[in-house]
Amino acid sequence: MNTHQDVESRINGHVRALSPEGKVGQLLHPALTFWDRRIPQQFLVDQIVQNQAGGAFMAGRSYGELRALAAEVQAASELPVIFSGDCECGASSAKEATKFGFAMALAAIEDLAEARRMAREVGGVTAEQSCAMGVRWSFAPVVDINRHPDNPISNTRTYGDDVERIIACSTAYLEGLQDNGVAATLKHFPGDGMDSRDQHVATSINGLGLAEW
């Protein structure tokens, strides 16, 4: 049975054996798929393998396609690759995954204990379905504070504007993911939810004073 020290030693050995280019590659996390298929799929696969990327983002395909792509990359890579997805209330990487309501639907459950229970359950199902396609890292839950009603990005993807409810629901969802094999990443706080502009295409402004922020 491998101990923690054995695993750490083996990992350190792999890292030491990497070239400088390989070590840089391990920091990269490019997209393995694009929703509109505007970049040839084989090019994306080749770039990840050739640059020894440490991970890759997957979305917009069927379960079968994603599993096959993940297996192809893993088989051709010297080191294991971790695959990620936007697992917000559902394993959204795959087209046929179960579609749950956005985070605000969970937060709208009046009984906070029941909202937490449901958030944890949704997180668990999301994790199980994500693992089935090879996704082990979630860019979720969203923990922005929805302070601007016209915000085009956070909006219904948030657990609302009540801080305690956001903490309770997002923590439960995070636990559901991580207890079922998916590493969770909180996003985008403190970056979104304070402006009416889309941060993907424009610079947004957080007008709060430092103390309130």
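**Notebook: cysteines, fold and surface**

Entry 1. I began with the cysteines of this predicted model. The sulfur of C169 lies 9.7 Å from the closest cysteine sulfur, which belongs to C89, and this is too far for a bond. The reasoning needs one cut-off: a disulfide is a pair of cysteine sulfur atoms within 2.5 Å. I recalled that a disulfide is a covalent bond between the sulfur atoms of two cysteines.

Entry 2. I then searched the whole structure for disulfides and found 0. I checked C89 from its own side: C89 takes part in no disulfide, and its nearest cysteine sulfur is that of C169, 9.7 Å away.

Entry 3. Are C89 and C169 buried or exposed? I looked up the relative accessibility of each. C89 has 6% and therefore counts as buried. C169 has 0% and likewise counts as buried. The cut-off used here is that buried means under 20% relative accessible area.

Entry 4. I turned to the secondary structure. I noted 7 helices and 4 strands in the protein. Reading along the sequence, I recorded the pattern α-α-α-β-α-β-α-α-β-α-β.

Entry 5. How are the 4 strands ordered in the sheet? I found that they form an open sheet in the order 1-2-3-4, with parallel pairing. The edges are strand 1, residues 55-57, and strand 4, residues 183-184; each of these pairs on one side only.

Entry 6. I followed strand 1 to its partner. Strand 2 covers residues 82-85, and 3 bridges join strand 1 to strand 2. These two strands run parallel. For F57 I looked up the bridge partner in strand 2 and found S84.

Entry 7. I recorded the overall dimensions. The C-alpha trace spans about 50 × 40 × 35 Å along its principal axes. The protein has 213 residues, of which buried residues make up 39%.

Entry 8. I examined how contacts are distributed along the sequence. I considered contacts between residues at least 6 apart in sequence; of these, 75% join residues at least 24 apart.

Entry 9. I closed with the surface and the charges. The protein exposes about 11,600 Å², and carbon and sulfur atoms supply 57% of that area. I counted 18 positive and 27 negative charges. How many Å separate their mean positions? The mean position of the positive charges and that of the negative charges are 5 Å apart.

Definitions and conventions: Residues numbered from 1 in each chain as written. Predicted model: local features only at pLDDT ≥ 70, side-chain atom pairs only at ≥ 80, totals over all residues. Heavy atoms only, no water. Buried < 20%, exposed > 50% of the residue type's maximum accessible area, 1.4 Å probe, protein only. Contact = heavy atoms within 4.5 Å. Areas by Shrake-Rupley, 256 points an atom, 1.4 Å probe, with all protein chains shown as cover. Lys, Arg positive; Asp, Glu negative; His and termini not counted. Charge placed at Lys NZ, Arg CZ, Asp CG, Glu CD. Pairing = 2+ DSSP bridges.
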